Amino acid sequence: MCRWLAYSGSPLLLDTILYKPAHSLIDQSLHSRLGVETTNGDGFGVGWYTPDAEDGTPAVVRDVGPAWNNRNLREIAGHVSSPLFFAHIRASTGTAVQQTNSHPFRHGRWMWMHNGAIAGFPVIRRDLCLAVDPSLFTSIEGSTDSEVMFYLALTFGLRDDPPQAVARMVGFVERTAREHGVAHPLQMTVATTDGTAVWAFRYASEGTARSLFYSSRIQALQALHPDVAFLRDLSEETRLVVSEPLGELPGAWNEVPEHSYGVVRHGADELHPFAPVP
């Protein structure tokens, strides 16, 4: 499968989160502890927002090689600062290792990344793609189930109501799969953002969903760990959502419950139950 992280809060060099923690995302690309595979070397991507971007769209950089030895990623991470960014390392579930299949995916202001898979995707792919709005279909560049899920969510209203759109997407995938004899098709942790808020979902059609965690409130962490330098300059609004914890800092991480979604935005964060819309 894959590993990913979403950061929202005080503007921060990407390097601070991607490389410096003891169990950073770059370390996870070689030594994942909670993923299906230990190694996630089938491509990577980072996407970030900057306040002075005229059209509000994020920058996205993706490549096909492993993240752990990519000099360009290291260079970017040491010089780019952002208040909201996504990062993803990929372990292919069967589709080609190519740049257009690396996450995060982007459409306008929106980004999307996924860990998991649609079981039986080659069998139901045509039916899923035919449900994508024709005005959106030509924007699909790759061959992954993850990108099709993104464009289905956009078709079902992601830009207006992300939780409802993702619930409709999941319900449609499950119904279509059942029609083709696939009883329990979906395994997912998904993050999506429009640059102002982050929505993160944890769901599986059957069994335990892939791991997902969110960071504790920064004020609590600052009180628990006054000696950790980088925590001192972070705002109260700063949050991380990650496939697996970035280190062993006591009190830092909370597991996202099964079948739930969270919203990270200015003000109070939210955590709600999640269920497909049939």
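**View 1. Fourteen residues line the second largest pocket, and Tyr214, Val263, Val264, Asp269 and Glu270 are the ones nearest its centre.** Here a pocket is an open set of points on a 1 Å grid over the protein atoms alone, with protein on both sides within 12 Å along at least five of seven lines, and a lining residue has an atom within 4 Å of a point. This is a predicted model, where local features need pLDDT of at least 70, side-chain atom pairs count only at pLDDT 80 or more, and totals for chains, interfaces and linings use all residues. Residues are numbered from 1 along each chain as its sequence is written, and side-chain values use heavy atoms, with hydrogens and water left out. The second largest pocket holds about 250 Å³ of space; a volume is the space filled by probe spheres set on the points, which are joined across faces, edges and corners. Strand 12 (260–264) is one of the elements that give at least two residues each, and its three make up the largest share of the lining. Strands are DSSP runs of E with at least two residues, helices are runs of H or I with at least four, and both are numbered from the N terminus.

**View 2. The largest pocket comes in at about 380 Å³.** Among its 21 lining residues, Pro21, Phe230, Leu246, Leu249 and Trp253 sit closest to the centre. Helix 1 (14–18), helix 8 (218–224) and strand 10 (239–242) chip in with at least two residues each. Sorted by class, the lining has 14 nonpolar, four polar and three charged residues (nonpolar: Ala, Val, Leu, Ile, Met, Phe, Trp, Tyr, Cys and Pro; charged: Asp, Glu, Lys and Arg; polar: the others, Gly among them).

**View 3. The largest cavity has a volume of about 80 Å³.** A cavity is a set of grid points where a 1.4 Å probe fits but cannot get out; the model has two of 30 Å³ or more. Strand 6 (110–118) and helix 6 (145–155) are the elements that give two or more residues to the lining of the largest cavity. That lining includes Cys2, Arg90, His103, His114 and Asp145, and splits into two nonpolar, eight polar and two charged residues.

**View 4. The second largest cavity offers about 30 Å³ of space.** Its walls include Leu18, Phe44, Leu73, His88 and Ile89. Helix 2 (25–31), strand 2 (44–49) and strand 4 (81–90) are the elements that supply two or more lining residues. Nine of the lining residues are nonpolar and two are polar, with no charged ones.
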